[in-house]
Amino acid sequence: MGLNEQSIETLRELLKSGEITTTDIVRDIDAAIESDKRDDLPLNAYIRFDRAEIDRRVDKSEREKIKGLPSRDLLRGIPIGVKDLINVLGSPTTCGSEILKEYVSPYDATAIINLERSGGIPAGKLNMDEFAMGSSTESSAFGPVRNPHDRRKIPGGSSGGSAAAVAGGLAVAALGSDTGGSIRQPASMCGVFGMKPTYGRVSRYGLVAYASSFDQIGPVTRTVMDGAILLEAIAGFDPADSTSAKVETPRFSELVNGGAKGLRVGVPDEYFGEGLSDEVRALVERGISLLAKAGAVTKKISLKYTRYAIATYYIIATAEASSNLARFDGIRYGTRFVKTDDLLTLYKENRRKGFGSEVKRRILLGTFTLSSGYYDAYYLKAQKARTLIRGDFEEAFKEVDLIATPVSPVPAWEIGTLVDDPLSMYLADIYTVPVNLAGLPAASVPCGATAAALPVGLQLIANHFKEGDIFRAARAVEALQ
Amino acid sequence: MNYDTVIGLEIHVQMCTKTKTFCGCSTEYGARPNTHTCPVCLGLPGALPVLNRGVLEKGVAAGLALNCEVRGTSIFARKNYFYPDLPKAYQISQYEQPLNVGGFVVIIDENGREKRIGITRAHLEEDAGKLIHDEDPKGPSYVDFNRCGVPLLEIVSEPEIGTPEEAYRFLAAIKEMMQYAGVSECSMEKGELRVDVNVSLRKQGERELGVKQEIKNMNSFAGVKRALEYEIKRQTKVLRSGERLRPETRLFDENKGATVSMRSKEEAHDYRYFPDPDLVPLALDRPFIEQVRKALPELPEAKRRRFTTEYGLTGYDAALLCSSPKVAGFFEAAAAGRGALLPAASDAEGTASGVPPPAAAVRSGRPKKIANWILTELTGAMNAMKVEIDRFAVTPSMLGELIDLIDSGEISGKMAKEVFDEMVSTGKSAHSITESRGLKQVTDADEIGAAVDEVLAEHEKVVKDYEGGKSSAFGFLVGQVMKKTKGKANPKLVNDLLDRKLGAREKQ
């Protein structure tokens, strides 16, 4: 087994004993990527994996090591793949879009600074749905990503590159971002662990915004322990992000082994209704039964406003997106597609050629719902619904510690099948978006595979800043697999 | 049909913080283009805003000075529109829940009566960058983002202003208030105060407002007044001819003194305001607001009152001095210096700025003289040189010294003006100038007496005229004595001696 296929936990020990160096791991990852490129159906997980760039970061890390920062022990020089909407100084940050194809970031995101402070090495930029808009990683300007378990299938999205790389041995671990399920859904479909932390747990400074009130950076890893280590490494209050929470980061890597005993787990009826595939239902129920076996107490609960979640999410998220993406005009940076004297033509052509159809669809939707005369009926109403959905969870967490649900109603589907059916694709986010509406932490932990050997994840949702409970329960499920 | 004018103003004031609204970049004016920028104010992908505490303090100070209610919770909103000087394609502003609401400003109207003008709101927002166009209209345009993100306070008045002159006075009052509260320097040249006007005409006796026209692009208070005067005439003419006005935005052409249509309101932007999800609601607690209130300096109204009672100034002079806190401060600093003629004992009464001046100094009229010099000579020189009083070559203590030299009779008023001119151009003190130029006034009666004798001998005919009853001849003789003494003779002594010697001749 190459070093590229090991866990953070294992590699950390090997690096500690001096048996291997970071360069050895990077070399093995590079070889795996090169070998994958020769496959008839390559995963296409990376937008960029530049050895020279990574070596510079390794050198920097070696220099830091001499200073003997104790926090460095967390990652000890382990290379971590980065979804290509997180800024890494001197590296392109494309967001999977034509319009940013040539854009090189002049600064590091706070999550990257924290990662390096913990001894991690940002290594390679991972493919994604354009501007994180999508559930299949088919909308990237750099081509679709394939699912390592079945290369004709989607890996999920939008962090499909992160999940496919970790599942396919092309990365030890990766950072993704989750706005409506973009970490959990691909983690579920690729059979890896993925967590969206509490809104405010990880700084958004340097994360290119899709929908600011939902976006969170989180870990995509092979094991639950790795997820705990990686989150601990990147989390923390950041004065540069006004929405960052002033809370201590718990030692997740220690909490993770706490066991599931005594945890109260709620199972909401609304998440097991129409549209859920039988196979997924059976696997998720099996996952819940494993939790019970590990000593958790399960009970039925109700989250009655769930049915408004999709509409609410797609109104607010697209409204924010329409404003967040307005800055991409090709004037100051990014791709300029036309040479013209006319300002309006410049705006129109750059944005017409620079954005793909899903991004345009969401910008139009958001522009519409914010327009005068429609604001009250859509945006404002959606904000009220958001409050109700949040209230649902508040009530539930008075009785339970965790909520267990499916991540996606269906396993990974065939590439190309839903590209022209955006509404069906949106509806597939039904189990993940309520979490983002409420700003809660949630993870997907593998709970088995379908008859066609497609992985399925179990979603575990906790109250604000209670990621520790998720790690404990997820670790227990993982141990009983 | 007669019409009443209804005017409302929107004033953008640039707040004088060291750093920008949402990042740590400098707000310094006139730096090389695009040198005061960072990922935040350039709107680079992934960058996020964090509110500068200084902006909040100044915003609250402004609200308190304008008698507003400072709200416990206010919200930043995004105002979305595309323009090359706006890198995020939205301006962070406040919309539905502004920081300050419901204040007022008192002005003196044209009839000399106090009039209260309501302030609807005063909210925080960030400025955009600046476009610099090539002289060739087909040439390129450049963008300077140094100004981008500089904090602004937008003050919106109620439509309670009735005449162009009231608008002018309201603006002057706002400017004065903002300067006093330390919110803004309000330099028009640097674009630190910009005004948009809303004006409509209403049939006399009716309650319903007329069709509103917005006027932009005035770069002085006088310009605002002229634009309003033009606009009122234009609208009256249109309405009297029986036509209807459409709501529109008009630009003022300073050269033509006329407004021209820019766009109709139907073409107006839909800014799609919504709360900025990158910024949390602004929550202010009472102690914070009280802390800002306590730190507020003396406001113009109180200062005017104090200048008349403590320094014995006229209300008119006090108002002129207080129209700028810098000028008022200069006056107090100069007036605080101990006059040379005063007995040393008065020193115990204190001389620091803001401390009541020695009663003896007030009685001697020294503060009044200082005020006169500031309002005439100093103001004239500063206007000619286009400098502000705090950058002026003559400091308060230098002016005080000059006044003391006049008071002690060491130099004449006429000489003082020459000395002052040299102080302005060289920055030297009055003492060193009079010393080095030998300008000291001649007060020696013998020396002046000799000059008088000489003049009387040289101008026998004039003396005869005088004795014959032509009193104006006296002035000529004084002038001749002054000429002979190169202007250094004490005029009073010259008068006395001439009078005495002429009288002595008559008796002969």
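**Exercise 1. Placing a serine**

In which helix of chain B is the place of B:Ser364? Work from the predicted model, and also classify the residue as buried, exposed or partly exposed.

*Solution.*
Step 1. Locate the residue. B:Ser364 sits in helix H8 of chain B, residues 359–364.
Step 2. Count neighbours. B:Ser364 has 15 C-beta neighbours inside 10 Å.
Step 3. Apply the cut-offs. Buried needs 20 or more, and exposed needs 12 or fewer. B:Ser364 therefore counts as partly exposed.
Step 4. Add a long-range distance. B:Gly43 is 321 residues from B:Ser364 along the chain. The C-alpha atoms of B:Ser364 and B:Gly43 are separated by 61 Å.

**Exercise 2. The two faces of H6(B)**

Find the buried residues of helix H6 of chain B, residues 315–322. Then decide how they are arranged about the axis.

*Solution.*
Step 1. List the buried residues. They are B:Asp317, B:Ala318, B:Leu321 and B:Cys322.
Step 2. Look down the axis. These buried residues fall within an arc of 125°, so they line one face of H6(B).
Step 3. Recall the helical repeat. An α-helix has 3.6 residues a turn, so residues three or four places apart point the same way.
Step 4. Turn to the face away from the buried side. Exposed residues B:Gly315 and B:Tyr316 are carried there.
Step 5. Identify the cover. The buried residues of H6(B) are covered by elements of chain B including helix H5 (300–311), helix H7 (325–336) and helix H9 (366–385).

**Exercise 3. H1(A) and its end**

Describe helix H1 of chain A, residues 8–16, starting from A:Leu14.

*Solution.*
Step 1. Place A:Leu14. This residue belongs to H1(A). With 17 C-beta neighbours inside 10 Å, A:Leu14 counts as partly exposed.
Step 2. Check its contacts. Leaving out residues up to four places away in sequence, A:Leu14 touches A:Glu19 and A:Ile20.
Step 3. Check a distant residue. A:Gly96 lies 82 residues from A:Leu14 in sequence and 34 Å away, C-alpha to C-alpha.
Step 4. Find the buried set. In H1(A), the residues A:Ile8, A:Leu11, A:Arg12 and A:Leu15 are buried. They cover an arc of only 105° around the axis, which puts them on the same side of H1(A).
Step 5. Name the cover. H2, E4, E6 and helix H7 (224–234) of chain A are among the elements that cover these buried residues.
Step 6. Leave the helix. Just after H1(A), A:Gly18 takes a positive phi of about 80°.

**Exercise 4. The sheet of chain A**

What is the strand order of the 11-stranded open sheet of chain A? Which strands stand at the edges?

*Solution.*
Step 1. Read the order. It is E1-E3-E2-E4-E6-E5-E10-E11-E9-E7-E8, with mixed pairing.
Step 2. Take the ends. Strand E1 (46–48) and strand E8 (297–301) of chain A each have a single partner strand, so one side of each is left without a neighbour in the sheet.
Step 3. Note the twist. Neighbouring strands are turned by 35° against each other on average, direction ignored.
Step 4. Inspect one pair. Strand E2 (79–83) and strand E3 (121–126) of chain A pair in the parallel sense over four bridges. Within E3(A), A:Lys125 stands opposite A:Val82.
Step 5. Add a helix. Helix H2 of chain A (22–37) lies across E1, E2 and E3 of chain A, at about 50° to E2(A).
Step 6. Add another. Helix H5 of chain A (160–167) packs on the sheet, and its direction makes about 155° with that of E4(A).

**Exercise 5. Chain B: strands and domains**

Trace the pairing of strand E11 of chain B, then give the domain layout of the chain.

*Solution.*
Step 1. Pair E11(B) (193–203) with strand E1 of chain B (3–14). They run antiparallel and are joined by 11 bridges. B:Asp196 in E11(B) is the bridge partner of B:Glu10.
Step 2. Pair E11(B) with strand E12 of chain B (213–218). This pairing is antiparallel, over four bridges. B:Asn198 stands opposite B:Glu214 in E12(B).
Step 3. Set out the domains. The assignment gives domain 1 (3–269), domain 2 (298–437) and domain 3 (445–507).
Step 4. Give a separation. The centres of domain 1 and domain 3 of chain B, taken over C-alpha atoms, are 64 Å apart.

**Exercise 6. The contact between chains**

How many residues does each chain give to the contact?

*Solution.*
Step 1. Count. Chain A gives 31 residues and chain B gives 22 residues.
Step 2. Assign helices. On the side of chain A that touches chain B, helix H10 (309–324) and helix H12 (357–370) of chain A each supply at least two residues. H10(A) gives the most, with three residues.
Step 3. Sort by class. That side of chain A has 14 nonpolar, 11 polar and six charged residues.

Conventions
Residues are numbered from 1 along each chain as its sequence is written. Chains are lettered from A and ligands numbered from 1 in the order in which they are written. This is a predicted model: local features need pLDDT of at least 70, side-chain atom pairs count only at pLDDT 80 or more; totals for chains, interfaces and linings use all residues. Two residues are in contact if their C-beta atoms, placed from the backbone, lie within 7 Å. Ala, Val, Leu, Ile, Met, Phe, Trp, Tyr, Cys and Pro count as nonpolar, Asp, Glu, Lys and Arg as charged, and the others, Gly among them, as polar. The arc is that of the directions from the helix axis to the C-beta atoms. Two strands pair if DSSP finds at least two bridges between them. Axes are lines fitted to C-alpha atoms, for helices over the stretch in contact, and angles run from 0 to 180 degrees between N-to-C directions. Domain bounds come from an automatic or database domain assignment.
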